[in-house]
Amino acid sequence: VAAPRALAVDVGGTRVRAAVVTRQGRVLARLEAPTRAADSPEAVVAQVADLARRLPAEGIAVAGVCAPGPLDVDRGMALATPTIAGFRDFPLRAALADCLPWPVHLEHDGHAAAWGEWRFGAGRGTQDMVYVTLSTGIGAGVVTGGRLQRGHRGMAGHAGHMTVAPGGPVCACGNRGCWEAIASGPAFAARARDAGFADGAAAFAAARAGDTAALALCGALAADIGLGLTNLIHLFSPALVVVGGGMTAGLDLLAPGIAAHIARTALPPFRGVPVLPAALGDNAGLVGAAALAFAARTRAMSLSPSQASG
Ligand SMILES: [Zn+2]
């Protein structure tokens with residue numbers, strides 16, 4: 001009998017990704033589409049079902065799905081996802097289970113990506129790792145002593161809403177000065193436009209060409225990213241920090257400034273904690289969601305029938 005496979009789904013605010021993933025974290029087939037984020041939660045669920053139908057179903061035993069928080073993973077609910085219309089108190093797991101022929105396991109996307117990187121990517125071989133997604137928003141997943149820190153209702157790691165600049169720019173959550181209000185992709189893009197660049201990518205390109213204003217923008221962004229990472233390093237004492245998400249397209253420009261900020265502001269014993277790019281890139285969430293779904297399936301199968309029904 002062939003080893004089971006998982007259907008892995010990463011429902012992002014911008015892209016929906018689906019893949020067939022093995023127990024060893026190998027991606028066998030993969031599809032993606034722009035998220036119909038402005039339409040309705042049902043439209044997004046239909047997209048997932050459509051991608052799943054177009055992937056080879058052979059050997060799939062379980063579906064591992066990750067989505068942006070806040071989610072209540074115990075109840076399978078999307079609670080208040082600002083980037084997808086209608087993901088408010090929406091029973092995401094039940095809606096997906098209605099249209100997929102496998103048991104559905106739901107996780108916070110930051111947790112799934114952290115687990116993927118820890119099991120199969122840049123965090124392999126460590127016990128303690130912090131993963132941070134720098135993207136449309138900022139999220140995190142923490143592995144301590146080889147265990148994923150889920151927190152109450154699976155909501156740990158909303159690092160993007162740490163207040164790092166009281167009275168600062170307004171965040172998507174409504175508060176001022178959240179980390180993601182100053183260091184996310186949209187925050188950087190806004191600053192780039194103020195400085196006369198078309199968007200964040202244009203500012204990165206100009207910085208690579210030596211443009212002084214673009215280099216200054218990158219320096220400020222690196223310091224803002226380093227500020228939040230230093231807070232996380234102090235809190236969790238990771239052996240390393242792994243960063244993923246769209247903003248890592250500029251990591252070659254940002255890494256020296258991030259390292260310098262940590263070296264300048266962290267307590268001395270924390271100053272050398274390395275910050276590495278996600279080794280799985282865009283697939284971290286998919287691979288992690290699959291691995292967590294396999295683990296949940298193994299736990300369910302190890303229960304006796306009486307335990308399982310109780
Ligand atoms: Zn916020």
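C99 is partly exposed, with a relative accessible area of 31%, where partly exposed lies between buried, under 20% relative accessible area, and exposed, over 50%, for a 1.4 Å probe and protein chains only. C66, by contrast, counts as buried, at 0% relative accessibility.

Before I go on, a word on the source: this is a predicted model, in which local features need pLDDT of at least 70 and side-chain atom pairs count only at pLDDT 80 or more, while totals for chains, interfaces and linings use all residues. Residues are numbered from 1 along each chain as its sequence is written, and side-chain values use heavy atoms, with hydrogens and water left out.

Now, how many disulfides does the structure hold? There are zero, a disulfide being a pair of cysteine sulfur atoms within 2.5 Å. Seen from C66, the closest cysteine sulfur is that of C99, and because 16 Å lies between the two sulfurs, they are too far apart for a bond.

Let me turn to the strands, which are DSSP runs of E with at least two residues, numbered from the N terminus, and which pair if DSSP finds at least two bridges between them. Strand 5, residues 71-72, pairs in the antiparallel sense with strand 6, residues 77-80, over two bridges, and in strand 6 it is M77 that serves as the bridge partner of D72. The hairpin of these two strands has four residues between them, and there G76 takes a positive phi near 70°.

Strand 6 also pairs with strand 7, residues 88-90, again in the antiparallel sense and over two bridges, with R88 in strand 7 as the bridge partner of A80.
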